[in-house]
Amino acid sequence: MELLEIDKIVRQSLSEKRYYHSVCVMKKCEELAKKYGIDTQIAKKIGLAHDIAKEMPDSEKIKYARENHIEINMVEKKHVGLLHAKIGADIARKKLGFSDEMCKAISLHTTAGTNMSMLDKILYVADSTGEDRTWNDIDYVNILIEENIDKAVIYLINIEIKDKVKNQKMIHVDSILARNELISKIM
Ligand SMILES: [Fe+2]
Ligand SMILES: [Fe+2]
C-alpha cells in the first residue's frame, strides 16, 4: 500500500496526539534509513503505522489477539498495552499489505527482541527519539545512534528495565534476550 493510503488509515485509527507521534517517528525512521542505507519508503511506512493498534481498548486487544491467533504471554496478560505491537504487526500485514520484515519491526518496537535487523533497530530507537520526544537523555541517545545503533538500543532497554523494576512491573523476556544478545555483540 502507498504511503498516502497508509496515512489515511493511521489518521483514522489514532488521536491527533498519537498521529503526530507517528509522523515524528516516520520522519526519524526516514533520517536513520538514509544514514544506514535502508529503503526509506519501507522505513517511513513502518514508522507511520507502528502504533496503529495503540489506542484499541484493552478488552478489544485481548479479543483481537484471541481471534487472530496471537499468543499472549504472562507479561502481556498483565500489561495488555504491550500487545499493541503484535496486534499492530498483524493489522499491518492484513490491512496494509506489509511484508514479513516490516511486520517484524512493528512487532518488536516496544520490547525489542533477538536477531534484530537494522530496520527493527531503526524503528525501536526512532520511537523514543522523534521530534515529539523531549525527555532528559534524548541528546545522549542521539549521540549513541550516531556512534553505534546497538549501543542506543541497549541504552533504551536499560531505561525500560530500570523503570519496570522501580515500578514493580514485570519485564518482558524479549527485552532481556535482546539486551544479552546485543551486549555480547558489542563486548
Ligand atoms: Fe508503540
Ligand atoms: Fe510509538
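Visitor: What makes aspartate 51 a bridge between the iron ion (ligand 1) and the iron ion (ligand 2)?
Guide: In this predicted model, aspartate 51 coordinates both ions, which lie 3.5 Å apart. On one side, the iron ion (ligand 1) is coordinated at 2.1 Å by Asp51 (OD), His84 (NE2) and His109 (NE2). On the other side, the iron ion (ligand 2) has His21 (NE2), His50 (NE2), Asp51 (OD) and Asp127 (OD) as its protein donors, lying 2.2 Å from it. Donors are N, O and S atoms within 2.8 Å of the metal, and Asp51 (OD) is listed at 2.1 Å for the iron ion (ligand 1) and at 2.2 Å for the iron ion (ligand 2), so aspartate 51 counts as a donor to both under that cut-off.

Visitor: How do you know that the pair of aspartate 51 and histidine 84 links distant parts of the chain?
Guide: Aspartate 51 lies in the loop between H3 and helix H4 (58–67), whereas histidine 84 belongs to helix H6 (residues 84–95), and the two are 33 residues apart. The spacing of the donors of the iron ion (ligand 1) along the chain is D-x32-H-x24-H, while that for the iron ion (ligand 2) is H-x28-H-D-x75-D.

Visitor: Why is the site of the iron ion (ligand 2) called irregular?
Guide: The angles among its 4 donor atoms run from 82 to 174 degrees. Four donors count as tetrahedral only if all angles lie between 85 and 135 degrees, so a range reaching from 82 to 174 degrees does not qualify. The site is classed as irregular, and water is not among the atoms, so sites may look incomplete.

Visitor: Why are histidine 50, aspartate 51 and histidine 84 called buried?
Guide: The cut-off for buried is under 20% relative accessible area. Histidine 50 has 0% and therefore counts as buried; aspartate 51, at 2%, counts as buried; and histidine 84, at 3%, counts as buried as well.

Visitor: Why are H1 and H3 called roughly parallel?
Guide: The axes of helix H1 (residues 3–13) and helix H3 (residues 40–49) come within 10 Å and cross at roughly 10 degrees. Angles under 35 degrees count as roughly parallel, and H1 and H3 are therefore placed in that class. Their contact is made by Leu3, Ile6, Asp7 and Val10 of H1 together with Gln41, Lys44, Lys45, Leu48 and Ala49 of H3, and by class it has 5 nonpolar, 1 polar and 3 charged residues.

Visitor: What makes H2 roughly parallel to H9?
Guide: Helix H2 (residues 16–36) and helix H9 (residues 138–147) pack at an angle of about 30 degrees, with their axes 11 Å apart. That angle is under the limit of 35 degrees, which makes H2 roughly parallel to H9. On the H2 side the contact involves Lys28, Leu32, Lys35 and Tyr36, and on the H9 side Asn142, Ile145 and Glu146, giving 3 nonpolar, 1 polar and 3 charged residues.

Visitor: How do you know that tyrosine 124 is buried or exposed?
Guide: Tyrosine 124, located in helix H8 (residues 118–129), has a relative accessibility of 5% and therefore counts as buried, the cut-off being under 20%. Leaving aside neighbours within four places in sequence, tyrosine 124 is in contact with residues including Leu108, His109, Met116, Val153, Leu156 and Glu160. His109 is also one of the residues coordinating the iron ion (ligand 1).

Visitor: What makes the phi of histidine 69 and that of glutamine 168 worth pointing out?
Guide: Most residues other than glycine have a negative phi. Histidine 69, however, has a positive phi near 55 degrees, and glutamine 168 has a positive phi of about 55 degrees although it is not a glycine. Histidine 69 sits in the loop between H4 and helix H5 (74–78), and glutamine 168 in the loop between helix H10 (149–166) and helix H11 (173–186).

Visitor: Why are histidine 69 and glutamine 168 called exposed?
Guide: Exposed means over 50% relative accessible area. Histidine 69 has 74% and is therefore exposed, and glutamine 168, at 73%, counts as exposed too.

Terms used: Residues are numbered from 1 along each chain as its sequence is written. Chains are lettered from A and ligands numbered from 1 in the order in which they are written. This is a predicted model: local features need pLDDT of at least 70, side-chain atom pairs count only at pLDDT 80 or more; totals for chains, interfaces and linings use all residues. Side-chain values use heavy atoms; hydrogens and water are left out. Donors are N, O and S atoms within 2.8 Å of the metal (3.2 Å for Na, K and Ca); water is not among the atoms, so sites may look incomplete. Four donors count as tetrahedral if all angles lie between 85 and 135 degrees; four count as square planar and six as octahedral if opposite donors are over 155 degrees apart and all others between 65 and 115; anything else is irregular. Buried means under 20% relative accessible area, exposed over 50%, partly exposed in between (1.4 Å probe, protein chains only). Axes are lines fitted to C-alpha atoms, for helices over the stretch in contact, and angles run from 0 to 180 degrees between N-to-C directions. Helices (H or I, at least four residues) and strands (E, at least two) are DSSP runs, numbered from the N terminus. Angles under 35 degrees count as roughly parallel, over 145 as roughly antiparallel, 65 to 115 as roughly perpendicular and the rest as oblique. Contact means heavy atoms within 4.5 Å. Ala, Val, Leu, Ile, Met, Phe, Trp, Tyr, Cys and Pro count as nonpolar, Asp, Glu, Lys and Arg as charged, and the others, Gly among them, as polar.
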